[in-house]
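Biologist: I am new to this structure. Please take one part and look at it closely. Chain B would suit me, with a word on the metal site afterwards.

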Amino acid sequence: MIKKNELLRIENLTVEIGEKIVLKNISMVINEGETHILFGPNGSGKSSLLYTIMGIEGYRILNGKIFFRSEDITNLSIDERARKGIGIAYQHPPAIKGVRLEKLINFIDKESKDIVSLSKELKMKDYLLREVNLGFSGGEMKRSEILQLLSQNPVLSLIDEPESGVDIENIEILGQAIKKLLERHLNRTRTRSGLIITHTGFILDYVKADHAYILLEGKIICEGNPFEIFENIQKNGFTACKNCTK
Amino acid sequence: MQKLHEVVLNKEDKHKLESVGFDVEGARSASFLMNDDKVVLSDVEDMEKGLVLIPLKKGLEKYSWLEERLWRLVPLDKDEFTRRAKDAEGYLIYVPPGLKIKRPLQACFFIKSHALEQKVHNVIVMGKGSSLDIINGCATANYDTQGMHIGITEIYIEENAYLTYTMIHEWAPGVEVRARTAVHVKREGQFVSNYISLQMTSLTQSAPQIYLEGEGAKARLTSLVFAPDNAVYDLGGSIYLKEQNTAGEIISRVVSNGGRITSRGDIIARAEGVRGHMECNGIILKEHGEITAVPVLSSSTLNADLTHEAAVGKISRVEVNYLKSRGLTEEEAVQFIIEGFLDTKLLKLPQSLEENVEKTMELLKHSAL
Ligand SMILES: Nc1ncnc2c1ncn2[C@@H]1O[C@H](COP(=O)(O)OP(=O)(O)OP(=O)(O)O)[C@@H](O)[C@H]1O
Ligand SMILES: [Mg+2]
């Protein structure tokens, strides 16, 4: 077997926000080209994990380390992590008043990609002159996030609930875009990786994920094959997983 | 008096004038330029239509009605600065009834000499049903110029007339500005003021007084201000809603990058069925910066609708983090947000000036940030 290149390694991560410990002793490894899925009930700490990997202020690491391509990034700033190839699509992105989406995307894009056709693929062309996320509907916001990720083209995409509040047609559009973002249409030479939060499992139809976790009260209580885990959640709920063999 | 194409400007002056929206190539209905205390240009292209733009003193010789309009809205003895401007030169703009001027009129007040006290007195009379867009620029030739600008502006807007008045300031650290502006608006008339200043000034004081004297008259004042270290701005504006169905709006976006800004606004309702709205948003970027928002709403009627929003604080960390996670540095993220905050879209610019002001603003933001 060929040894895969390790992209992200999280070791014994414990994180506090405010007075609350939101992540407890989390460990995971994502290899190059892999996509992992994060399941878990509301408030279990899924978004917090993505924010901590991104380095967002306020998520205090009490213990543990984060490595990206073997480099310890635990204390790097957000933008340093972004420039190393980590990107995020937010669950609830803020609006940036007065800044046109087009201006931001052109700034993000370092490879002179064809922004217009990218935005067409995501049905976002008519929104390029709108202010970033200002007055965007739920679905528009999700498409705008994925469009920004596509223009950034990160090595590791952290994607927070891309499907929530999205209609069937737009789920198809988003699914295809994420598939492209993570190079899931390629079989061998995949270099892009992802960590995706989902409640509905829709993304599994587009991205044949490699691995999944269930987070409960800040702890990984179960991990394994995404399809099996998802089926189990649907049948027995999250808590039943507590007893699954980890 | 020279014509626009005859005015010879050196490269730096030309650049300065352009940076406050003065279009030297002249896609304008009329142009006026005052260097220090001398009028060097007063040129009307749309003359045949009856548009008047002449130096104030000439206007006094030519139009007998002007005398009684002088010092009527701004009292001569209002304060020491108005008194100092007693015999000041400036412009008279008169738009005859029914005349709608499409191309903007431009005026610029330029301080070239050191330690000069530039005193300006302008009068604008908008005849019934007329309309005009004015772009006014103020600048100093050199950044190290010391000086003072006292500006008296009296504006009369008759029934159904419409005036937009866009002002761009680009002063210097040693320049003090005392603007005294008052506007009378009659029935269904409208006054729109846009104010932009992103540069240093030792003190800029401006608080136009708008009197909506006729039913259905409207006024809107918008300002975008950036105060670098040591800059002091005292800005305000009062709108008196004196007749039924009048409406006033005061919008300001101010950023302190070390400077001090007081942003006042008064909307005073004295008639039934009036509406007033005020918004003051401020961002403080640096320690020692200070923003004071003083919104005042006053009503003495049962049926007035007055609202205000004010928010002063630091830049949103959520927004900065969002942009940083896309790869922007802290500085780039802050610049993005501030540029967006001072968006010219907030102004109510006439179409003919949109592009020009947007471009000017880009340049100003670039040098300010
Ligand atoms: N700033 C904060 N202060 C205090 N508690 C916080 C803060 N931010 C998040 N939390 C708490 O941390 C916990 C985890 O939140 P997180 O957003 O990571 O959940 P999630 O798994 O993404 O949930 P959802 O499925 O609803 O999106 C929640 O209980 C939340 O209330
Ligand atoms: Mg979440």
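**A close look at chain B**

Modeller: In this predicted model, start with how the contacts of chain B are spread. Take the contacts between residues at least 6 apart in sequence: 83% of them join residues at least 24 apart. Next, the secondary structure. Chain B holds 21 strands and six helices. Its radius of gyration is 20 Å, close to the 21 Å from the globule rule for 369 residues, so chain B is as compact as a globular protein of that length. Along the principal axes, the C-alpha atoms of chain B fill a box of roughly 65 × 60 × 40 Å.

Now the inside and the outside. Of the 369 residues in chain B, 62% are buried. The accessible surface of chain B is about 14600 Å². Carbon and sulfur atoms account for 47% of that surface. As for charge, chain B carries 52 negative and 43 positive side chains. The centres of these two sets lie 2 Å apart.

Last, the metal site, which takes us to chain A. The magnesium ion (ligand 2) has two protein donors, Ser47(A) through OG and Gln91(A) through OE1. They lie 2.0 to 2.2 Å from the ion. This pair links distant parts of the chain, 44 residues apart. Ser47(A) sits in helix α1 (residues 46-54) of chain A. Gln91(A) lies in the loop between β6 (86-89) and α3 (101-108) of chain A. Ser47(A) has a relative accessible area of 17%. Buried means under 20%, so Ser47(A) counts as buried.

How values were computed. Residues are numbered from 1 along each chain as its sequence is written. Chains are lettered from A and ligands numbered from 1 in the order in which they are written. This is a predicted model: local features need pLDDT of at least 70, side-chain atom pairs count only at pLDDT 80 or more; totals for chains, interfaces and linings use all residues. Side-chain values use heavy atoms; hydrogens and water are left out. Helices (H or I, at least four residues) and strands (E, at least two) are DSSP runs, numbered from the N terminus. The radius of gyration is taken over C-alpha atoms; the globule rule is 2.2 Å times the number of residues to the power 0.38. Buried means under 20% relative accessible area, exposed over 50%, partly exposed in between (1.4 Å probe, protein chains only). Contact means heavy atoms within 4.5 Å. Accessible areas come from the Shrake-Rupley method with a 1.4 Å probe; for residues, only the protein chains shown count as cover. Lys and Arg count as positive and Asp and Glu as negative; His and the chain ends are not counted. The place of a charge is taken as NZ of Lys, CZ of Arg, CG of Asp or CD of Glu. Donors are N, O and S atoms within 2.8 Å of the metal (3.2 Å for Na, K and Ca); water is not among the atoms, so sites may look incomplete.
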